[in-house]
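I opened my notebook today to look up a few things in one structure. Come along and read over my shoulder.

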Amino acid sequence: MMPGDDRRSRGMSLGGRRSSVMPQGARKVEDPRPLRDKAYMSKSIRKLIVYLSEHGYDRSISSQILTSPTTKDFLAIISFMFANIDPNFKFIGKFEDEIPGVLKLLAYPTSIGRSALTAVGNPTSWPQLLAVLSWLVDLLKYHETVTEQESDGHFDSDDGHTMFVDYLSRAYALFLAGEDDTSALEEEVAFVFDSKNAQLRQQAEQLRAANGDVEKQLQLFSGETPLQRAQSTNRDLRADSAKFEAHIGQLQEHRDKLTDKLQAEEAERDSKQAELAAVLAEVEGHKATVAKQELTPADVARMGAERTHLEQELASLKKQKEAASTEQWDAELAVSKGLDRVHA
């Protein structure tokens, strides 16, 4: 969460801060945390560095600085964190007078003396102030989480979650004050959760009823949908089209072969016709020769045999031509039908 983020100040403002530290007569509460334990301090320093680095702190920060910070370092860090709580925050007086009031406003569980703030880097003062900064990190991170969950709709801002966190805060304050009786707080939280549970049970019943209606509607639409049927038909048509294209390719190849064969037979026929014309011319020449001379019966028989042979060969050539024409016609007809089916 960067400084200036609108969400960070939702429900959090320091506009009403006061410089007073504790009400008159309030007894000092001992902080139960191991503030001077080296391991605890190292953990707090690491947590503070991570938070500042991730949230756009624009000054130098390191473990060495946070081991014994100057007053200027401390003021820069706590001012940055107060600004993340309330973007309008500014010190309007002496910081050592204002910081205790701001912490009290934020319900910090113990009090911070003015003497600790006047000697920030002192080994006696710094553990208390480091604990304050660590507590502020926890507070800000919690507020980020709650704000994000509210934005995502995980829970309402006024639901039992908020009440439960409020209960923990108030019960912790009572514990630090030495009071163990939290029955009133528990009854208050129980009432809120009972009300919320009743609402959730009602919502669950409504959801079950709505779920039943949805299941009935789903049953009506069980089976293949129109889109699925159309997709299935499209696949079938594509498969048929591929088959027809392959068949047309085969027919065209067969037609080409028949065309080549017909051309060869036509060439042979032309050759035979030329031979026949030559033979007929020769016959006519023989007839003319015969007409000019007397023929013996043997000559007539021979010429008759030759004529019969030539007529038979001519009849055979005519049959071959007719067969070739028929095959070409059948092939062209099959190709035409195949193309018509594809175009349809």
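These entries go through a helix, the cavities and the aromatic rings of a predicted model.

**Entry 1: helix 3**

I started with helix 3, which covers residues 71-85. How far apart are its end C-alpha atoms? I found them 21 Å apart. At 1.5 Å a residue, the 15 residues should span 21 Å, so the expected span and the model agree.

Next I asked how many residues of helix 3 are buried. Buried means under 20% relative accessible area. I got eleven of the 15, so helix 3 is largely enclosed by the rest of the structure. I wrote down the buried ones: D73, F74, A76, I77, I78, F80, M81, F82, A83, N84 and I85.

**Entry 2: the largest cavity**

Then I went looking for empty space. Rolling a probe the size of a water molecule over the atoms shows where such space is left. My count came to two cavities of 30 Å³ or more.

I took the largest cavity, which holds about 80 Å³ of space. Which residues line it? I noted L262, E265, E266, E268, R269, L317, Q320, K321 and A324. The elements giving two or more residues to this lining are helix 9 (226-292) and helix 10 (297-343). Helix 9 gives the largest share, with five residues. I sorted the lining by type and got three nonpolar residues, one polar and five charged.

One lining residue, R269, made me stop for a closer look. I placed R269 in helix 9. Is R269 buried or exposed? Its relative accessibility is 17%, so R269 counts as buried. I also found that the side chains of R269 and D270 are joined by a polar contact of 3.3 Å.

**Entry 3: the second largest cavity**

The second largest cavity has a volume of about 30 Å³. I listed its lining as L258, K261, L262, A324, E327 and Q328. Helix 9 and helix 10 turn up again here, each supplying at least two residues of the lining. Sorted by type, this lining has three nonpolar residues, one polar and two charged. I put a mark beside L262 and A324, which I had already written down for the largest cavity and which also line the second largest.

**Entry 4: aromatic rings**

My last search was for aromatic pairs, and the whole structure has four. A pair of rings is described by the distance of the centres and the angle of the planes, and I noted both for two of the pairs.

For F89 and F91, the ring centres are 5.0 Å apart and the planes lie at 80°, so this pair is edge-to-face. F89 counts as buried at 8% relative accessibility, while F91 counts as partly exposed at 25%. I also saw that F82, F89 and F91 form one aromatic cluster. F82 was on my list of buried residues in helix 3, a nice link back to Entry 1.

For Y108 and W135, I again have centres 5.0 Å apart and planes at 80°, so this pair is edge-to-face too. Where do its two residues sit? Y108 is in the loop between helix 4 (95-105) and helix 5 (114-118), and W135 is in helix 6 (residues 126-152). They are 27 residues apart, and the pair links distant parts of the chain. Y108 is buried at 7% relative accessibility, and W135 is buried with a relative accessible area of 18%.

Definitions and conventions
Residues are numbered from 1 along each chain as its sequence is written. This is a predicted model: local features need pLDDT of at least 70, side-chain atom pairs count only at pLDDT 80 or more; totals for chains, interfaces and linings use all residues. Side-chain values use heavy atoms; hydrogens and water are left out. Helices (H or I, at least four residues) and strands (E, at least two) are DSSP runs, numbered from the N terminus. The expected span of a helix is 1.5 Å times one less than its number of residues. Buried means under 20% relative accessible area, exposed over 50%, partly exposed in between (1.4 Å probe, protein chains only). On a 1 Å grid over the protein atoms alone, a cavity is a set of points where a 1.4 Å probe fits but cannot get out, and a pocket is an open set with protein on both sides within 12 Å along at least five of seven lines; lining residues have an atom within 4 Å of a point. Grid points are joined across faces, edges and corners, and a volume is the space filled by probe spheres set on the points. Ala, Val, Leu, Ile, Met, Phe, Trp, Tyr, Cys and Pro count as nonpolar, Asp, Glu, Lys and Arg as charged, and the others, Gly among them, as polar. A polar contact is a pair of N or O atoms within 3.5 Å; within protein, one must be able to donate a hydrogen and the other to accept it, and residues adjacent in sequence count only if both atoms are side-chain atoms. Rings of Phe, Tyr and Trp (its six-membered ring) pair if their centres lie within 6.5 Å; planes under 30 degrees apart count as stacked, over 60 as edge-to-face and the rest as tilted.
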